[in-house]
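Here are a few exercises to work through with the model open beside you. Try each task before reading its solution.

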Amino acid sequence: MDLLQVIFMGIVQGLSEFLPISSSAHLVFSSNIYKVFNDMPIHQQSNQEVFVDIMLHLGTLVAVLIFFRKEVWEIVQAVYVGIKTKDYSNYNCKLGLYILLGTIITVLIAFPLNEVAEQLIYSPAIVGLLLIGTGFLLYFAEEFSKRIENKKNEIDFKTSIIMAIAQGLAALPGFSRSGLTIASALFNKNDRVSAGRYSFLLSIPIILGASMVYPLIKIDYHEFIGYDWKHIIIGTIVSGVVGYLCIKYFLKFLGKYSLKVFAYYCFIVGVISVIFFTKFI
């Protein structure tokens, strides 16, 4: 992978991990477009490409941890105190327990979908269809939400379960993790900002787990040593910096504007991807 490709993919990952437009779909599209224009087959993917994808996600994980460092520390402290005193009434303690339970639910749903998700990497046209599905969810979630007068600004147990299920389904490329989780919270009468903040916090354990476990299972370490580490590190840094800025401004966006603009974006990119990649099936 050359430097420009890795930088481009880092930018794509940093933007699309937190915007409700599916980072996995955009990595599939960008990777396969690169292959098409370089006369490479789209139905194969090297181990290095898989590892770069993992590292780009790790970059955005660092961005979340830095941005929410205060909230993460408060949640960890609250859970520790709650376990010690057996008093779980503190809201941050509840959030921590919701995130732990949500992570388990996500894994139980995502793990059986893993094989399908890996096959979809080679089927960008189908990924485009799933991205269109994300667009519909965002559109109708906004339509539902604008009819709710008194929206909830805290995450309750029911909302946390629904968002965990949504996050598990987002293992399929094209289903946006942030899109599905935020939309599910809107359907449960939460406001956009509380949904967005919890969605980002909920992503931390699952991205961390995938970044640690997947390489142990899939990576050939003899091949691993020969990877272009300079390019990989640059791409990871780019994804982290772009991801941090994306979180900062997206949360401000959520407080003021509708998600429908992202729904329209998913429709347009999804349709273009289906049309473009169908001839390569």
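**Exercise 1. Work out what share of the chain counts as buried.**

Solution. This is a predicted model, so keep that in mind throughout. Start with the cut-off: a residue is buried when its relative accessible area is under 20%. Apply that to the 281 residues of the chain, and 49% of them pass as buried. Now look at what is left on the outside: the chain exposes about 13800 Å². Carbon and sulfur atoms supply 69% of that area.

**Exercise 2. Check the radius of gyration of the chain against the value for a compact globule.**

Solution. First get the reference: for 281 residues, a compact globule would come out near 19 Å. Next take the chain itself, which has 19 Å, so the two agree. For the extents, go along the principal axes: the C-alpha trace spans about 60 × 40 × 35 Å. Then turn to the contacts between residues at least 6 apart in sequence: 82% of these join residues at least 24 apart.

**Exercise 3. List the secondary-structure elements and test the spans of α1 and α2.**

Solution. Count first: you should get 12 helices and zero strands. Reading from the N terminus, then, you just write α-α-α-α-α-α-α-α-α-α-α-α.

Now α1, residues 3–16: its 14 residues at 1.5 Å a residue should span 20 Å, and because the end C-alpha atoms sit 20 Å apart, the helix agrees with the expectation. Do the same with α2, residues 23–37: its 15 residues reach 21 Å from first C-alpha to last, close to the 21 Å expected.

**Exercise 4. Decide whether α2 is mostly covered or mostly open, and pick out buried residues in α1 and α2.**

Solution. Go through α2 residue by residue: 11 of its 15 residues are buried, so it's mostly covered. Among them are L27, V28 and F29, but also H26, N32 and K35. Over in α1, the buried residues include V6, M9 and V12, along with Q5 and Q13.

**Exercise 5. Place I66, classify its exposure and find how far it is from E143.**

Solution. I66 belongs to helix α3, residues 47–67. Its relative accessibility is 41%, which is why I66 counts as partly exposed. As for E143, it is 77 residues from I66 in sequence, and the two C-alpha atoms are 33 Å apart in space.

**Exercise 6. Find how far apart the mean positions of the positive and negative charges are.**

Solution. Sort the charges into two groups, 22 positive and 19 negative. Take the mean position of each group, and the two points turn out to be 10 Å apart.

How values were computed. Residues numbered from 1 in each chain as written. Predicted model: local features only at pLDDT ≥ 70, side-chain atom pairs only at ≥ 80, totals over all residues. Heavy atoms only, no water. Helix = DSSP H or I, 4+ residues; strand = E, 2+ residues; numbered from the N terminus. Rg over C-alpha atoms; globule rule 2.2 N^0.38 Å. Buried < 20%, exposed > 50% of the residue type's maximum accessible area, 1.4 Å probe, protein only. Contact = heavy atoms within 4.5 Å. Areas by Shrake-Rupley, 256 points an atom, 1.4 Å probe, with all protein chains shown as cover. Lys, Arg positive; Asp, Glu negative; His and termini not counted. Charge placed at Lys NZ, Arg CZ, Asp CG, Glu CD. Expected span 1.5 Å × (residues − 1).
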